Amino acid sequence: MTKAYDAIIIGTGQAGPSLAVRLAGSGRKVAVIERKLFGGTCVNTGCIPTKTMVASAYAAHLARRAGEYGVDIGGPVSVDMKRVKSRKDAISGQSRTGVESWLRGTKNLTVYQGRRRFESASEISVGAERLTAPEIFINVGGRAVVPAMPGIDQVPYLTNSSMMAVDFLPRHLVIVGGSYIGLEFGQMFRRFGSEVTIIEMASRLISREDEDVSATVREILEAEGVHIRLDAKCIALSKPGHDIAAGVDCTDGPPTIVGSHLLLAVGRRPNTDDLGLEKAGVEVDKRGYVMVDDQLRTSIPGIWALGDCNGRGAFTHTSYNDYEIVAANLLDGGSRRVSDRIQAYALYIDPPLGRCGWTDAQVISSGRRALVGKRPMTRVGRAVEKGETQGFMKIVVDADTREILGGAILGVGGDEVIHCVLDVMYSKAPYTTLQRAMHIHPTVAELVPPILGELQPLVDARAGAGSAA
Ligand SMILES: Cc1cc2nc3c(=O)[nH]c(=O)nc-3n(C[C@H](O)[C@H](O)[C@H](O)COP(=O)(O)OP(=O)(O)OC[C@H]3O[C@@H](n4cnc5c(N)ncnc54)[C@H](O)[C@@H]3O)c2cc1C
């Protein structure tokens, strides 16, 4: 039996639900299909649950430091992982049911559950059922990569998804992958009380970031007792008894790391392999990402791809921005483009890193003459008052055009403060506009204007000179 709709949305990640509701509101008859959990990665296994757990870890950390603030806890701090998990489950579950009831309660919108596949460019199937529509939107997201490293089939491992079921304290959590997800889990479990070792193949953590960011993040984690092994290009896994061993004999230090649990955090891959895209003629790149143009249209007219599966972003806000672009262009007569947005994201270790625009390396390779303002958090009054002085703030500007090119705020409130830099970038105002702004005292953000009055030439840290600050 075939059911005809005006629009079909596959996946209820960060773009699909909002788009479905807007399309239904425009009078279209809409079908939304979700194969598993409403709300997708962010709600169920990504941002929301991890940041909820980061908050529990922060509470434990601050409680251990209570004496520094003149506060007596009256005994050792212990963490009840079952309660950490139930708090996380409650917050994430509320979000999931919120998405589901929003969709089910929307007029003109029908919700289907199950795994769907393309049968042609306008037809989707599951079992005997067929849905057709002239407009189809793919929002299927991604999942954790399981790397083909020696021994991977011999050992039990966790990913960001299975970590969500952990309601106990791993004795020693070994994490393969020293990037955003690995670092967040690493610091969190260290604060819960686990021994943690992070193994990274590159010569530094979060190697896409500037060297000063990587080095300071490493200092922050090592100060809390997280073990870090870099340059581990030849990881081999085995299972001696109840433990898990990661052989890294290509690096300095002991050739084997033995832990109780293993977390793989080595990247994500798009959920496009079982979608039947070949039957629709939708092109994917060699890593499986759906190829889209600047307005998120695929190679087949009438089919769009939004969110992580199009390879144009890997964040909740990029997926949501994809929805805004498609909705504006389709329903409001707009001509919004992906290339209009400015790169921005945060790393939620504590203190967090807020980032926007280019890294120093990108600025240097652009050949522009640039200036940088930088200040350690030890010279930010609000950070001193809070007793959280790790990290630094840095803003890079074009010496000739006075545009802001990028910023990194690694410090207390960095995930929020970065937006005052980002919004001036969007406004295309010169950095002097921000430099002359009067900010509220005492805040971390009040130091952003003065930094722009202390600019120095940006030099290439890779040349061994260090950032000019
Ligand atoms: C541990 C972790 C922490 C993160 N933290 C952050 C953060 O702090 N900030 C941030 O911005 N981003 C974060 N992210 C990234 C963020 O979660 C993703 O970028 C975002 O969820 C992508 O959304 P999406 O719309 O592409 O799809 P997803 O949220 O991945 O949802 C896709 C949906 O499609 C469904 N689906 C897939 N295939 C089919 C099919 N064939 N039929 C029907 N349904 C299907 C899936 O079940 C899923 O519900 C994190 C990710 C992880 C893993």
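**Helix 5 and the ligand shell**

In this predicted model, helix 5 contains a set of buried residues made up of Y180, G182, L183, E184, F185, G186, Q187, M188, F189, R191 and F192. Because 11 of the 13 residues of helix 5 are buried, which here means under 20% relative accessible area, the helix is largely enclosed by the rest of the structure. Helix 5 runs over residues 180-192, and the distance from its first C-alpha to its last is 19 Å, close to the 18 Å expected for 13 residues at 1.5 Å a residue. The residue that follows helix 5 is G193, and its phi is positive, near 130 degrees.

The ligand offers a second place to look. Around the ligand stand 38 residues, of which Q14, E34, T41, D308 and S319 come nearest. By class, this shell consists of 12 nonpolar, 18 polar and 8 charged residues.

Several polar contacts can be followed atom by atom. S319 places a polar side-chain atom 2.7 Å from an oxygen atom of the ligand, while H317 has a polar side-chain atom 3.3 Å from an oxygen atom of the ligand. With R116 the contact involves the backbone, where a polar atom is 3.3 Å from a nitrogen atom of the ligand. On its own the ligand has 1,000 Å² of accessible area, and the protein covers 94% of that area. The elements that contribute two or more residues each to the shell are strand 3 (30-34), helix 2 (40-44), helix 3 (47-64) and helix 8 (316-331).

Methods: Residues are numbered from 1 along each chain as its sequence is written. This is a predicted model: local features need pLDDT of at least 70, side-chain atom pairs count only at pLDDT 80 or more; totals for chains, interfaces and linings use all residues. Side-chain values use heavy atoms; hydrogens and water are left out. Helices (H or I, at least four residues) and strands (E, at least two) are DSSP runs, numbered from the N terminus. The expected span of a helix is 1.5 Å times one less than its number of residues. Buried means under 20% relative accessible area, exposed over 50%, partly exposed in between (1.4 Å probe, protein chains only). A residue is near a molecule or strand if one of its heavy atoms lies within 4 Å of it. A polar contact is a pair of N or O atoms within 3.5 Å; within protein, one must be able to donate a hydrogen and the other to accept it, and residues adjacent in sequence count only if both atoms are side-chain atoms. Accessible areas come from the Shrake-Rupley method with a 1.4 Å probe; for residues, only the protein chains shown count as cover. Ala, Val, Leu, Ile, Met, Phe, Trp, Tyr, Cys and Pro count as nonpolar, Asp, Glu, Lys and Arg as charged, and the others, Gly among them, as polar.
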